[in-house]
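Please work through the exercises below with the coordinates open, and try each task before reading its solution.

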Amino acid sequence: MRKNIVLIGMPGCGKSEIGAGLAKRLGMEFVDADAYIEEHWGRIPELFKLGEAHFRDIESRAVAAVSLKRNCVIATGGGVVLREQNMQALKRNGIVVFIDRPLSRLLDVVDTSYRPLLAEGRHKLAELYEQRLPLYRKYADRIVDNSGTLEDAVAAAVSATKEE
Ligand code: S3P
């Protein structure tokens, strides 16, 4: 039974697509923390209407629950690194992989329509990137570049997590 593989990184960095591809390649279960939240608590934009802190509390509960799983690839929400307790729970049974996609590529691909934090506009993405990059680096056990194709990124993630 393998440790979980936990993907962190900015909105639009490819956590969900890479996570699904990686899980398939390794024969592991894929868990999307945002989907878990929506299944149990309702739509994320609705949760944000009650304030970001409300969303973060729910996110922490979801993270605590999915961290208990085994043999899973877990894609997290971009803000999971904002709470130390989230990362401690995820690291207890998982190896953390930062999916590193350059800001210019994030700006090309990110869909702001269903991401409440990006509602102010794309400049917000650059602001979040600057704030969070040190946190993603701090918590990363491995870093996988995603400036090329999805296939390249999945292959890089497979080799980065081979020893686990
Ligand atoms: C968030 C990112 C979203 C989602 C929520 C908050 C963030 O997930 O968890 O809207 O704080 O960056 P993705 O990273 O999958 O977009």
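The exercises that follow concern a predicted model, and they treat one helix and then the aromatic pairs.

**Exercise 1.** Determine whether the end-to-end distance of helix α7 agrees or disagrees with its expected span.

Solution. Helix α7 covers residues 123-139, which makes 17 residues, and at 1.5 Å a residue these should span 24 Å. The end C-alpha atoms of α7 are 25 Å apart, so the distance agrees with the expectation. The axis nevertheless has a kink of about 40° at R132, shortly before the proline P134.

**Exercise 2.** Find which residues of α7 are buried and which elements they pack against.

Solution. The buried residues are K124, L125, L128, Y129, R132, L133, Y136 and Y139, so that R132 is both a buried residue and the site of the kink. Taking contact to mean heavy atoms within 4.5 Å, these buried residues pack against β1 (4-8), α4 (52-67), α5 (84-92), β4 (94-100) and α6 (103-109).

**Exercise 3.** Classify the ring pairs Y36 with W41 and F98 with Y136 from their geometry.

Solution. The count comes to three aromatic pairs. For Y36 and W41 the ring centres are 6.4 Å apart and the planes lie at 55°, so this pair is tilted. Y36 is buried, with a relative accessible area of 18%, whereas W41, at 29%, is partly exposed. For F98 and Y136 the centres are 5.2 Å apart and the planes lie at 20°, which is under the 30 degrees cut-off, so this pair is stacked. The pair links distant parts of the chain, with F98 in strand β4 and Y136 in helix α7, 38 residues apart, and both F98 and Y136 are buried.

Definitions and conventions:
Residues numbered from 1 in each chain as written. Predicted model: local features only at pLDDT ≥ 70, side-chain atom pairs only at ≥ 80, totals over all residues. Heavy atoms only, no water. Helix = DSSP H or I, 4+ residues; strand = E, 2+ residues; numbered from the N terminus. Expected span 1.5 Å × (residues − 1). Bend = angle between axes of the 7 residues up to and from the residue. Buried < 20%, exposed > 50% of the residue type's maximum accessible area, 1.4 Å probe, protein only. Phe/Tyr/Trp six-rings, centres within 6.5 Å; stacked < 30°, edge-to-face > 60°.
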